[in-house]
Structure formats: structure tokens, C-alpha cells
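Biologist: I'm new to reading protein models, so could you walk me through this one? Let's put it up on the screen and start with a loop.

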Amino acid sequence: MAAAAAAAPGALGILQAGRARLVAPCCARLGPGWRLSGSWTVPRVDPATWARGWTPTAGGAAWRRGYSSEVKTEDELRVRYLEEENRGIVVLGINRAYAKNSLSTNLIKMLSKAVDVLKSDKKVRTIIVRSEVPGIFCAGADLKERVKMNSSEVGPFVSKIRAVINEIANLPVPTIAAIDGLALGGGLELALACDIRVAASSAKMGLVETKLAIIPGGGGTQRLPRAIGMSLAKELIFSARVLDGQAAKAVGLISHVLEQNQEGDAAYRKALDLAREFLPQGPVAMRVAKLAINQGMEVDLITGLAIEEACYAQTIPTKDRLEGLLAFKEKRTPRYKGE
């Protein structure tokens, strides 16, 4: 099994080799430490890793915003593990107020480190990506930094942005983008990498790169058509059009639109409500459901159904499945452990 997991072939190759070989790669995609028997293997995290690049904190409602224009670079990304009834929800808060949360070299490094830890943590059930800066989600790439780069540096940096956004898209648990403000260029591409997007009606969203004589480079040309259809995606990218929350909801770019509140966090509150809805469900089922949908959308229906069958097989030997049946029989709430 370990050898198959390391190989992790694509879905089509797996099917050609036989249905049995499809199960192991699907299992491998669930994240490091996963084993078919259902037991969790949680890697130890070096404390020094946590100390570098971002500030993870615990706390539910008692979260604090930081709007200072003198934010230290290590505070530009804040990772919060919520507690009590919100246990299992992790919030990634971007906090570069002085640069409109633009994607700098440092912020990309911090996002990569955070995602690397989160994808291995089996206690994490849902991740919310949000801004801690009023009126801004993410304004895209840091153009002040970009203008200082020579031509040979631009391509590799954009590749790093694309890689981090892909890492976020490949997180094994549900992800929600809470868009309470401006999300342009790479900022919208970051949101597109999340499973679900919610936005305030006052938020502004668009892939505006053609205004700068470039194209979206963080996955926008691929994920936007998959989200809203090819023709409309071309129209929006060709025109560099910016949509508000209502218009974004109308074209299917976001799932929910909310009137902004006085605190400026209506989308975040909706994202938190959705995350709470996800918490009671079986952790293993959530991971394989996401995997089945993501992989199935990239292939034809027959191949997708085979992927679904292989993913369903992941849930059969789990203790959680038996607990769900027992809880149903005993008319009580199931107590899932992710095993």
C-alpha cells in the first residue's frame, strides 16, 4: 500500500490498471498519515516550525483584529484554532493592511508553511480563509514588489503563487473563502481554490490581469471556467470586469451573498455558520467526498463513477461508519473520531 501511495498515479491510469489499484492512490490523496485501517497517524510538529512565519492562536469568539500599518511580517498571516463548539475549525487570517493584503514573497512563504502543517493535522475539520483588514480580502500580487523584479524573477515568483494556491485547493478538508472586501487578481484566484465562497454584497471580485497586459497566473484561467462556465469566464477575463457580491452570486462565482454588517465581517460569520454545519459529519467521509468530487470533475462520467466507488470503499472499514449505524439504531447523536 505504501508503494502505491507513493506512486499516486492519475485516475485514468489507475482505472486501466484495474479497480483495486484505484483505492490506494485515493487513500494517499487524503493526506499524510492516513491508513486504510482507519487509524490516524498525526505527525509531530517541531515547535520552531510554529514559531516561524505566522502566529497560531486558540480562541473562538474572542478573536482580535489587527489593523496597524506597522504590522510585523510574522503577523501578516494569523492561524487561529477555534475552540469549544467551534473546535476543528481553523481560520487563516491575512493581515497586510498597509499593502491591501497583496501576495508578497513573505506572505506566500507563510501560506505555504501554514498549509503544510494543516494538511497533516487530522484534528482539522474545516478551514476558513479570510481577511483581518476591513474592506479588503486580497488585492492580488504585490505590484510594488513585482516592479522591482527583473524579467527572469517574475516567472518563478508567479510559479510559487500558483503552487501555494494549488496546495490550498488540494487540502483534504473543506475550505471556505470569506470575501468581505476587495478580491482582485491573485486574491480571487486564492478564493477560487477554496471549495466554497461566500461574500458580502459590497465585496468586489475580478480577474483584472489583462489591464496590466498579462493573464491570470494563479490558476484563474482554469478554475474560473470550471466555476462559472467557459464563455462567461472568457468574457470576464477579456474585459477585466469587476463584480459586486450580488453579480458574483448571479453568475455562480459565490454560493452565498450577505448584506455587510457594521463589523464588516458578514461573509466570515456566514462561513463560520457553514463550518459549524460541517463539524458533526464523519471526518473520513468528508475527506473522501471532497476527493471523489474533485477527481471526478476532471474526468468523464464513467471514470468518475469508478472514482466514487473507490472512494466509497475507503469508508467501509472505518469505525465511524459502524458508529453512525449504531447511533441511528440507538436514536442518538453519533460520536465520530475520524477512525
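Biologist: Leaving aside its neighbours within four places in sequence, which residues is Ser201 in contact with?

Modeller: Keep in mind that we're looking at a predicted model. Ser201 sits in the loop between strand 8 (196-200) and strand 9. Once you skip neighbours within four places in sequence, its contacts are Asp244, Gly245, Gln246, Val257, Leu258, Glu259 and Gln260.

Biologist: Is Ser201 buried or exposed?

Modeller: Being in a loop doesn't settle it, so let's check the number against the cut-off. A residue is buried under 20% relative accessible area. Ser201 has 13% relative accessibility, so it counts as buried.

Biologist: How much can I trust the model, going by the average pLDDT of the protein chain?

Modeller: Confidence varies along the chain, so look at the weak parts too. Over residues 1-24 the pLDDT is below 50, and residues 31-71 also stay under 50. On the other hand, 78% of the residues score at least 70. The average pLDDT for the protein chain is 82.

Biologist: How many helices and strands does the protein chain have?

Modeller: There's plenty to look at here. Of the 339 residues in the protein chain, 48% count as buried. As for the elements themselves, the count is 15 helices and 11 strands.

Biologist: What is the order of the strands in the open sheet of four strands?

Modeller: Strand 7 (residues 182-184) and strand 9 (residues 204-206) run parallel, joined by two bridges. One residue pair to find there is Leu184 and its bridge partner in strand 9, Gly206. The pairing in this open sheet is mixed, and the order is 5-7-9-10.

Biologist: Which strands stand at the edges of that sheet?

Modeller: Look for strands with a single partner strand, because one side of each is then left without a neighbour in the sheet. That description fits strand 5 (136-138) and strand 10 (243-244).

Biologist: How many residues of strand 2 are buried?

Modeller: Check both faces of strand 2. Leu77, Val79 and Tyr81 are buried on one side, and Arg78 and Arg80 are buried on the other. Strand 2 covers residues 77-81, and the number buried is five of its five residues.

Biologist: Which residue in strand 3 is the bridge partner of Leu77?

Modeller: Strand 2 and strand 3 (residues 89-94) run antiparallel, with five bridges joining them. Follow the bridge from Leu77 across to strand 3 and you land on Ile94.

Biologist: Within what arc do the buried residues of helix 9 fall?

Modeller: Helix 9 runs over residues 220-228, and its buried residues are Gly220, Arg223, Leu224 and Ile228. Seen down the axis, they line one face of the helix, because they fall within an arc of 105°.

Biologist: Which helices are included in what covers those buried residues of helix 9?

Modeller: Start with Leu224 as an example. Leaving aside neighbours within four places in sequence, its contacts include Ala233, Leu236 and Ile237, and those three are the buried residues of helix 10. For helix 9 as a whole, the cover includes helix 7 (151-169), helix 8 (186-192) and helix 10 (230-239).

Biologist: And which residues are exposed on the other side of helix 10?

Modeller: First find the buried side: Ala233, Leu236 and Ile237. Those fall within an arc of 95° seen down the axis, so they line one face of helix 10, and their cover includes helix 9 and strand 10. On the other side, the exposed residues are Ser231 and Phe238.

Biologist: Which helix gives the most residues to the largest nonpolar core?

Modeller: That core has 51 residues, and Phe137, Ile179, Met205, Leu224 and Leu253 touch the most other members. The top contributor, with eight residues, is helix 5 (residues 105-118).

Biologist: Last one: Lys113 is in helix 5, so what is its relative accessible area?

Modeller: Let's place Lys113 before giving the number. Its C-alpha atom is separated by 9.5 Å from that of Val164, although the two are 51 residues apart along the chain. Lys113 is partly exposed, because its relative accessible area is 34%.

Methods: Residues are numbered from 1 along each chain as its sequence is written. This is a predicted model: local features need pLDDT of at least 70, side-chain atom pairs count only at pLDDT 80 or more; totals for chains, interfaces and linings use all residues. Side-chain values use heavy atoms; hydrogens and water are left out. Buried means under 20% relative accessible area, exposed over 50%, partly exposed in between (1.4 Å probe, protein chains only). The arc is that of the directions from the helix axis to the C-beta atoms. Contact means heavy atoms within 4.5 Å. pLDDT is the predictor's confidence in each residue, from 0 to 100. A nonpolar core is a set of buried Ala, Val, Leu, Ile, Met, Phe, Trp, Tyr and Cys residues joined through side-chain atoms within 4.5 Å. Two strands pair if DSSP finds at least two bridges between them.
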